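User: I have this model open and would like to understand the labels attached to it, not just read them off. Please take me through the reasoning step by step.

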Amino acid sequence: MASSSSKKHVIILFSMAIATIAMLNGALAKEYTVGDDKGWRLDVNYTDWVHGKEFFVGDTLVFKYNTQFHNVINVTEAEYQACNPSQNEPRLTTGNDVIKLVNPGNYWFLCGFPSHCTQGQKLTVLVQAQAPAPEAMPPPGATATPPPEASMAKLPATLIGSSGITFSAVVFGIAAIGLFL
Ligand SMILES: [Cu+2]
C-alpha cells in the first residue's frame, strides 16, 4: 500500500514538472540585442547574426546604435531587397529602439542612411508562433503550419499571451496522471 501511494506521488510530481516546463517554455520571452555587443552598425553581418537563432512571438529585438550615423526602419520585403525604404515608413531614431515581435512571420529592417543598407546594414528575422510544447502531438495527417503573414510585421506593440500552451500542458499532466494510476 505504501509503495503504491508513493508511486502515485512520484507520477503526479512528474506530471506537474512537465506542465511547468511547458508553461515556462511558452512564457519566457527572450530579448535580443541586434548584433550583440557590436549593435546596429556597418561592419556586422546580420545574416550571420541571425543564423542559429529562433525567434518566437513575444521576443524582443533591441537596436542599439549611434544616432548620428544610423536609424532603423521596419520595411516591406520589397523595400528590404531593394534597399529602398518608402518615405512613409517611420524612422526609429532613439539609438535604443525596442521592437516587440507580436506576430508570426517575416520582419525586415534596414538602416535608412545612404548606402548603409547596400553595405549590409539590414536584418530579416522569421518569427515563429510559439515554441511547440513537447506533448503537442498533431493528429495523423494534420499539417497545421499557417503561412507567415508578411503584412502583419509592422512595429507591433502588445504581448501575446501563452494560455494555449499552458492549457495543453495542464491537459497533458492530467492525462498522464490518469494513464499511470
Ligand atoms: Cu546605418
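## Strands and their partners

User: What makes strand β7 and β8 a pair?

Analyst: Strand β7 (residues 105–110) is joined to β8 by 6 bridges, and the two run antiparallel. Two strands pair once there are at least two bridges between them, so β7 and β8 qualify. Leucine 110 gives you a place to look: its bridge partner in β8 is lysine 122. Do keep in mind that this is a predicted model.

User: How do you know that β2 is paired with β8, and in which sense do they run?

Analyst: Strand β2 (residues 55–56) and strand β8 (residues 122–128) share 2 bridges and run parallel. The requirement is at least two bridges, so this link counts as a pairing too. Here, phenylalanine 55 stands opposite valine 127 in β8.

User: What pairs with β4?

Analyst: Strand β4 (residues 72–75) pairs with β5 in the antiparallel sense over 2 bridges, with valine 72 opposite leucine 92 in β5. β4 also pairs with β7, again in the antiparallel sense, over 3 bridges. In that second pairing, isoleucine 73 has leucine 110 in β7 as its bridge partner.

User: Which sheet do these strands form, and what makes a strand an edge strand in it?

Analyst: They form an open sheet of 5 strands in the order β2-β8-β7-β4-β5, with mixed pairing. Its edge strands are β2 and β5 (91–92), as each pairs on one side only.

User: Why are β1 and β6 called edge strands, and which sheet do they belong to?

Analyst: They belong to an open sheet of 3 strands, ordered β1-β3-β6, also with mixed pairing. β1 (31–33) and β6 (96–100) each have a single partner strand, so one side of each lacks a neighbour in the sheet. From one strand to the next, the twist averages 20 degrees. β1 and β3 run parallel and are joined by 3 bridges, and glutamate 31 stands opposite threonine 60 in β3.

User: How many helices and strands are there altogether, and in what order?

Analyst: The protein chain has 4 helices and 8 strands. Starting at the N terminus, the elements run α-β-α-β-β-β-α-β-β-β-β-α.

## Buried or exposed

User: Why is valine 127 classed the way it is: buried or exposed?

Analyst: Valine 127 sits in strand β8. It has 22 C-beta neighbours inside 10 Å, and the cut-off for buried is 20 or more, so valine 127 is buried. Leaving aside neighbours within four places in sequence, its contacts include Phe55, Phe56, Leu101 and Tyr107. The C-alpha atoms of valine 127 and phenylalanine 56 are separated by 5.0 Å, although the two residues are 71 residues apart along the chain.

User: And leucine 126, what is its class, and what makes it so?

Analyst: Leucine 126 is also found in strand β8. It has 14 other C-beta atoms within 10 Å. Buried needs 20 or more and exposed needs 12 or fewer, so leucine 126 falls in between and is called partly exposed. From its C-alpha atom to that of leucine 101, 25 residues away along the chain, the separation is 9.9 Å.

User: What makes you say that both faces of β4 are covered?

Analyst: Val72 and Asn74 lie on one side of β4, Ile73 and Val75 on the other, and all are buried.

## The core and the chain as a whole

User: Which residues have the most contacts inside the largest nonpolar core?

Analyst: That core has 23 residues, and Phe63, Val72, Phe109 and Leu110 have the most contacts inside it. The elements giving two or more residues to it are β3 (60–64), β4, β7 and β8. β7 gives the most, with 4 residues. As for Phe63, leaving aside neighbours within four places in sequence, it is in contact with Val34, Trp40, Val72, Leu92 and Asp97.

User: How do you know how much of the chain is buried, and what share of the contacts spans long stretches of sequence?

Analyst: Of the 181 residues in the protein chain, 24% are buried. Among contacts between residues at least 6 apart in sequence, 81% join residues at least 24 apart.

Technical notes
Residues are numbered from 1 along each chain as its sequence is written. This is a predicted model: local features need pLDDT of at least 70, side-chain atom pairs count only at pLDDT 80 or more; totals for chains, interfaces and linings use all residues. Two residues are in contact if their C-beta atoms, placed from the backbone, lie within 7 Å. A nonpolar core is a set of buried Ala, Val, Leu, Ile, Met, Phe, Trp, Tyr and Cys residues joined through C-beta atoms within 7 Å. Axes are lines fitted to C-alpha atoms, for helices over the stretch in contact, and angles run from 0 to 180 degrees between N-to-C directions.
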